[in-house]
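I opened the model and kept notes on what I looked up. The entries follow in the order I made them.

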Amino acid sequence: MEIKGTTKNGANFTLRIERDKIKTLNNIINYNVWGYTLEYEGDTDKGDSCWGFIGDDWTSSGLTDNLPAEVLESEALLKAIEEDRYSV
């Protein structure tokens, strides 16, 4: 395929962008969008949430980058995952 006015590297870059767009739209269409809501025991006013992480792997989608350090450092997160105490 030839794209006029661009170099071969430019065309490859454009194709990668378009593939990524299709992959992102496919994830959205298939409800492969993640988020979290934190609830603290005994404190109904304290909590946090963030949504819009896209992809198959919630760890590489950036979700864990946005969790507070206190959550990542606690064993509560791992325990919730092990006990299947999270919702999708």
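**Entry 1: a patch on the surface**

I began with the surface and found a nonpolar patch formed by Leu25, Ile28, Ile29, Val33 and Ile54, with about 430 Å² of accessible area together. I note here that this is a predicted model. I asked which element gives the most to the patch. Helix α1, residues 8–29, does, with three residues. Ile54 belongs to strand β2, which covers residues 43–54. I looked up how far Ile54 is covered: its relative accessible area is 33%, so I wrote it down as partly exposed. A residue needs over 30% to be part of a patch, and Ile54 has 33%.

In general, nonpolar side chains in soluble globular proteins tend to be buried together. I kept that in mind for the core, which I looked up later.

**Entry 2: helix α1**

I then checked the length of the helix. α1 has 22 residues, and from its first C-alpha to its last it reaches 32 Å. That is close to the 32 Å expected at 1.5 Å a residue.

I looked for salt bridges next, and the count comes to one. The partners are Glu18 and Lys21, whose side chains meet at 3.3 Å, N to O. The cut-off for such a pair is 4 Å, and I found 3.3 Å here. Both residues lie in helix α1, three residues apart, which is about one turn of the helix. An α-helix has 3.6 residues a turn, so residues three or four places apart point the same way. Side chains of opposite charge can pair when their charged atoms come close. Are the two partners buried, partly exposed or exposed? Glu18 is partly exposed at 36% relative accessible area, and Lys21 is partly exposed at 46%.

**Entry 3: Thr24 and Asn27**

I stayed on α1 and looked at Thr24, which lies in this helix. With a relative accessibility of 34%, Thr24 counts as partly exposed. I took the C-alpha separation of Thr24 and Ile54: it is 7.1 Å, although the two are 30 residues apart along the chain.

Asn27 also lies in helix α1. Its relative accessibility is 10%, and since buried means under 20%, I listed Asn27 as buried. What does Asn27 touch, once neighbours within four places in sequence are left aside? I found Asn32, Val33, Ile54, Gly55 and Asp56. Two of these names, Val33 and Ile54, were already in my notes as members of the nonpolar patch.

**Entry 4: Tyr31**

I moved on past the end of the helix. α1 is followed by Tyr31, which has a positive phi near 55 degrees. I noted that Tyr31 has this positive phi although it is not a glycine. Tyr31 sits in the loop between α1 and β1, the latter being residues 33–40. I checked its cover as well: Tyr31 is exposed, at 76% relative accessible area.

**Entry 5: the core**

Next I looked for the largest nonpolar core. It has six residues in all: Tyr36, Leu38, Phe53, Leu63, Leu67 and Val71. I picked Phe53 and listed its contacts, not counting residues up to four places away in sequence. Phe53 touches Asn32, Val33, Trp34, Gly35, Tyr36, Ser61, Gly62, Leu63 and Asn66. Among them, Tyr36 and Leu63 are also members of the core.

I then looked at Leu63, which is found in helix α2, residues 63–66. Leu63 counts as buried because its relative accessibility is 6%. Its C-alpha atom is separated by 8.4 Å from that of Trp51, and the two residues are 12 apart along the chain.

**Entry 6: the whole chain**

I ended with the totals. The protein chain has four helices and two strands, and from the N terminus on they run α-β-β-α-α-α. Of its 88 residues, 16% count as buried. The chain exposes about 7500 Å², and carbon and sulfur atoms supply 51% of that area. Among contacts between residues at least 6 apart in sequence, 32% join residues at least 24 apart.

Note on methods
Residues numbered from 1 in each chain as written. Predicted model: local features only at pLDDT ≥ 70, side-chain atom pairs only at ≥ 80, totals over all residues. Heavy atoms only, no water. Patch = residues over 30% accessible without salt bridge, like charges linked within 9 Å, V, L, I, M, F, W, Y side chains within 5 Å. Areas by Shrake-Rupley, 256 points an atom, 1.4 Å probe, with all protein chains shown as cover. Buried < 20%, exposed > 50% of the residue type's maximum accessible area, 1.4 Å probe, protein only. Expected span 1.5 Å × (residues − 1). Core = buried A, V, L, I, M, F, W, Y, C linked by side-chain atoms within 4.5 Å. Contact = heavy atoms within 4.5 Å.
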